[in-house]
Amino acid sequence: MSTKNDKETIRNLIDGTLSWEELRNDVLPDPKASNRFEVVREVLEERVDWDEPILVPLNDHLFVVGSDDGRLVKAECGHELCSTDENWKLHTEVRVREDPDQFEELYTEQQSPHPDWGFQLREFFCPGCYQLVEVEAVPTGYPILEKFEPDIDAFYEEWLETTPPDRR
Amino acid sequence: MSKTTDTDTAAEYERVDPPIGWDGQTLQEMLDHSEQQLEETGRYKGLEELEMKENQPFEYEQLYSRLRGALVSARETALNISASAIVREIGELCFQLYTPEGDCVALSTGIIVHVHTGSLAIKYMIEQDYEHRRGIQPGDVFCNNDNDIGNVHTTDVHTFVPIFHDGELIAWADGVTHEIDIGGKTAGHDLIDATERFEDGLYATCEKIGENDELYQDWKERGKRGTRTPMYWDLDEKCRLAGCHMIRNTVKGMIDDVGAETFKQFMAEAVEEGRQTLNERVQERLFPGTYRDTSFMPMPFEERDHPEPAASQDMMNHLPVEMRVDTDGGLEVDMTGASPPGPHTYNAAEGSMEGGMWVSLTQCLLHDGKVNDGSYFAVDTNYPEGSVVNPQDPSLSYQASWGSIQPTYNAVWKNISRSFLARGFREEVNAGFGMTSDAVQGGGQLDATGEYWAVSTFDLSCQGLGASAARDGLDYGYAMWNPESDLGDIEKWELLEHGAVHLGRRVKPNTAGHGKYRGGSGWEGLRTFTGSSDISMFIGGWDGVGFSTTGMSGGYPYACGYTVTAQDTDFAERIAKQEKYPVDDTPPGSLEEDIEAEDVDRSTAAVLFPTQFDNNDLLHWDMRGGPGYGDPLERPVEKLVDDAEKGIYTPDVIEDVYGVVGELDEEDREFEVDEEATEARREELREEREAESVPATEFWESERERVLDREFSDPVTWMYSGVFERSPEWTESFREFWDLPADYSISEEEA
């Protein structure tokens with residue numbers, strides 16, 4: 001008997017509206033339902049206003065999708081950032097906080113980085129809707145990391161033993 | 001092997017002539033063969049099938065449960081022999097059973113970080129041919145806390161007892177406790193000002209410390225004279241030895257019941273099952289691909305006047321983690337680009353990094369199943385030799401290795417969490433954790449009795465946990481190194497820490513990392529001193545001057561920490577006159593309102609090297625929150641009302657970060673939202689994003705100019721130059737990202 005995996009439960013899980021009791025008793029325990037990925041994918045596809053198949057979510061608002069132009073990183077709002085060969089963060093809008101007054105909008109004076117150390121908070125926004133999609137906390141000059149490069153074909157073909165949705 | 005004589009004080013055992021391995025093999029031959037089988041087949045001992053598990057499942061599971069029960073029982077019983085609050089109250093101990101080759105079969109609850117550290121020590125003894133040279137005999141007792149060989153940090157001390165049957169070494173029992181003091185340069189259980197081994201304290205390098213079940217007299221004398229808290233040392237040692245003997249009795253009972261051959265088969269299958277479990281779990285929960293994250297460890301040692309000249313500089317460690325989820329269910333963890341080791345106490349040996357891996361994976365991926373060295377065999381790790389995470393240099397200080405382990409595993413957790421999210425398991429996502437660092441440590445002498453009291457409070461084990469993708473992080477209740485984290489009772493601590501009295505402990509507002517789901521909150525504490533002399537205290541706080549990690553999916557890092565000391569105060573007069581005195585520093589800067597002090601030191605460095613205190617001085621510290629998850633503007637208003645009323649965030653931060661405008665009635669703790677103003681403020685914050693941001697390519701151009709001009713702070717230059725010197729691969733990736741000339745370099749001389 002696996003944990004709950006019906007669409008309603010998964011919708012609520014994604015929305016964050018499950019109570020602690022529901023989360024603890026119905027979703028967190030093992031074993032997990034083996035088709036969780038497919039249910040999540042269906043729920044996510046129902047929620048967007050575009051038709052390209054979602055291949056894998058990268059975070060709350062960005063997805064790798066299949067398209068006529070190949071695989072793209074696409075935002076929930078419909079903005080297409082780049083192909084999966086590129087680092088999507090280089091196709092966002094970014095605000096950099098590195099001065100004390102900028103840090104102190106988020107934390108108090110005592111609880112902010114020391115100005116002499118050169119820390120930055122880089123806030124990456126979707127150019128389509130200015131949704132915040134990533135925050136980096138790094139020193140000056142640190143490369144913008146591409147944090148996840150999924151092996152999409154291997155996942156579908158070898159683990160799920162199916163054809164990726166964009167090639168069906 | 002039968003015992004020939006029993007006396008009240010010791011047993012006497014018949015000697016066993018080498019070879020002591022199975023079927024006439026030496027231990028080295030067994031180890032070589034086992035490694036060869038793993039290399040050739042990919043399976044532990046080349047096991048094609050788990051025959052016993054498949055054909056006699058009940059007997060197999062019964063043996064595992066009995067063994068696991070014995071290990072837990074040994075822990076729960078033995079800890080009552082100890083008097084140290086670390087062991088007795090917080091349970092900072094663990095027992096393990098290893099094969100003769102040193103592969104962990106099962107372990108108890110507790111500080112399970114040691115699943116592999118004991119393994120390395122046993123393998124060291126095998127490779128150094130203790131079998132013939134030092135001798136491994138029934139009734140022998142060995143001790144190790146040498147980090148370069150197999151340990152997490154110096155104050156973790158292992159006791160090993162070999163278990164013999166019929167002339168063969170069947171297994172090893174191992175017990176480890178975390179000492180309250182180990183006779184290092186200063187008092188404390190995680191020294192922060194040691195810079196080399198010779199300041200770390202008492203070291204035992206796989207040392208034989210007893211025979212015939214009794215500890216050597218000279219070894220006991222060494223502990224008595226070599227530590228500041230000899231009673232705790234002595235009782236902890238007895239606790240470890242008693243636990244190992246309990247395990248030995250159980251193993252012998254199991255062999256009596258099922259026979260030695262069955263027990264041997266069981267051990268091998270349990271390890272192989274552990275390996276297979278990890279592969280299966282990876283395929284069930286993760287998404288194949290490559291993941292990257294980096295943590296940083298700022299060390300503001302110049303700013304805080306480190307007492308050793310070589311270490312009195314501001315430094316920062318670079319702890320990058322590239323993780324690969326293979327299609328065959330394997331995991332690879334690669335730290336290419338990690339900083340070189342340094343004149344600090346955060347050097348971490350390979351064994352301690354492996355320990356960090358297991359204490360992490362058992363919490364996020366392997367909640368169940370057989371956790372043992374089988375899981376270790378399923379993960380390929382690269383902790384680069386000569387780096388801070390694998391120095392291969394016993395002369396370094398390893399007192400506070402957690403200073404590298406914890407930030408590293410924040411990056412590992414984020415990588416694994418990205419994989420959970422990709423796979424749809426949002427509830428398993430964890431944005432990381434507040435680094436526990438080390439709160440107040442030190443000690444003094446109680447005037448009334450002349451007794452030395454040590455402060456090694458483990459209330460540090462309650463930090464904020466990172467948010468998941470479905471809920472907020474746990475408030476002030478988590479430590480990555482011990483899944484059974486516990487703040488402990490102040491009253492219990494004060495029974496031992498006689499001279500250091502708590503004035504207050506409370507939720508620290510604005511410490512939780514922002515996000516749609518916020519990180520868990522941190523807390524703060526304030527102490528004074530009384531009735532004592534020779535008081536020396538320190539604080540090993542991290543994340544003071546900068547961030548070591550961040551949040552996920554738009555979540556922010558938790559707030560930085562700080563410390564305050566107030567010396568030569570009017571505290572005693574205030575008490576005598578029953579006047580108000582400080583119990584916290586909330587809001588920050590308010591502590592001084594209720595105390596007169598000649599000397600107030602307020603530092604965002606969060607670290608304080610050993611400092612002399614007098615009675616009635618004050619010492620303030622704070623503990624970290626957890627990182628957040630998701631865009632803060634998506635956090636529901638009702639949750640922010642709750643945050644305001646619980647004091648997690650202050651109204652000004654709620655307005656500036658979350659765009660929720662309201663008024664807090666401090667008396668009734670009720671927060672009333674101004675809905676219209678909230679709507680307008682949220683819209684304003686969205687508009688600010690557009691107005692204040694630039695295309696990332698534009699940022700890339702401007703930041704590249706700063707990189708070309710080497711506009712780095714001194715500690716950042718220290719970090720880049722060390723990595724450039726050590727890692728050509730990482731250097732090349734840096735040059736490639738910023739499109740730099742092939743001869744571009746960063747060195748401290750160029751700064």
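In what order do the seven strands of the open sheet in chain B lie? In this predicted model, the order is β4-β3-β7-β6-β5-β8-β9, and the pairing is antiparallel. The edge strands are β4 (104-107) and β9 (214-215) of chain B, each of which pairs on one side only. Strands of a sheet pair through backbone hydrogen bonds, in either the parallel or the antiparallel sense. Within this sheet, strand β6 (residues 156-165) of chain B runs antiparallel to β7(B), to which ten bridges join it, and B:V161 stands opposite B:A173 in β7(B).

Helix α9(B) lies across this part of the chain, over β3 (93-98), β5 (141-144), β6, β7, β8 and β9 of chain B, and runs at about 30 degrees to β6(B). Helix α9 of chain B also holds a salt bridge of its own, in which the side chains of B:R240 and B:E237 meet at 3.4 Å, N to O. Because these two residues are three apart in the helix, B:R240 and B:E237 are separated by about one helical turn. B:R240 counts as buried, at 0% relative accessibility, and B:E237 is likewise buried, at 2%.

A second salt bridge in chain B links distant parts of the chain. B:R228 pairs with B:D181, and their closest N and O atoms are 3.2 Å apart. B:R228 sits in the loop between α8 (217-226) and α9 (230-258) of chain B, whereas B:D181 sits in the loop between β7 (168-178) and β8 (207-211) of chain B, 47 residues apart. With a relative accessible area of 1%, B:D181 is buried, while B:R228, at 28% relative accessibility, counts as partly exposed.

Further along chain B there is a hairpin, in which strand β14 (residues 438-446) and β15(B) pair in the antiparallel sense over five bridges. One of the bridge partners can be named on each side: B:Q441 is matched by B:S456 in β15(B). Five residues lie between the strands of this hairpin, and B:G450 takes a positive phi near 75 degrees there. Strand β15 (residues 452-456) of chain B is mostly covered, with four of its five residues buried.

Salt bridges also connect the two chains. Over all chains the count comes to 84 salt bridges, and one of them is formed by B:R292 and A:E149, whose closest N and O atoms are 2.5 Å apart. Because B:R292 lies in strand β10 (residues 289-300) of chain B and A:E149 in strand β8 (residues 148-150) of chain A, the pair joins two chains. A:E149 is partly exposed, with a relative accessible area of 32%. Residues of both chains also take part in a network of salt bridges that links A:K89, A:R122, A:E134, A:E136, A:K147, B:D293 and B:R418.

In chain A, attention turns to a pair of helices. Two packed helices are described by the angle between their axes and the distance between the axes. The axes of helix α1 (residues 7-15) and helix α3 (residues 36-47) of chain A come within 10 Å and cross at roughly 70 degrees, so α1(A) is roughly perpendicular to α3(A). The crossing in which α1(A) passes α3(A) is right-handed. From α1(A) the residues that make the contact are A:K7, A:I10, A:R11, A:L13, A:I14 and A:D15, and those from α3(A) include A:V39, A:V40, A:V43 and A:L44.

Note on methods: Residues numbered from 1 in each chain as written. Chains lettered and ligands numbered in written order. Predicted model: local features only at pLDDT ≥ 70, side-chain atom pairs only at ≥ 80, totals over all residues. Heavy atoms only, no water. Buried < 20%, exposed > 50% of the residue type's maximum accessible area, 1.4 Å probe, protein only. Pairing = 2+ DSSP bridges. Salt bridge = Lys/Arg side-chain N within 4 Å of Asp/Glu carboxyl O. Axes fitted to C-alpha atoms, helices over the stretch in contact; angles between N-to-C directions. Parallel < 35°, antiparallel > 145°, perpendicular 65-115°, else oblique. Left-handed = near helix turned anticlockwise from the far one by under 90°. Contact = heavy atoms within 4.5 Å.
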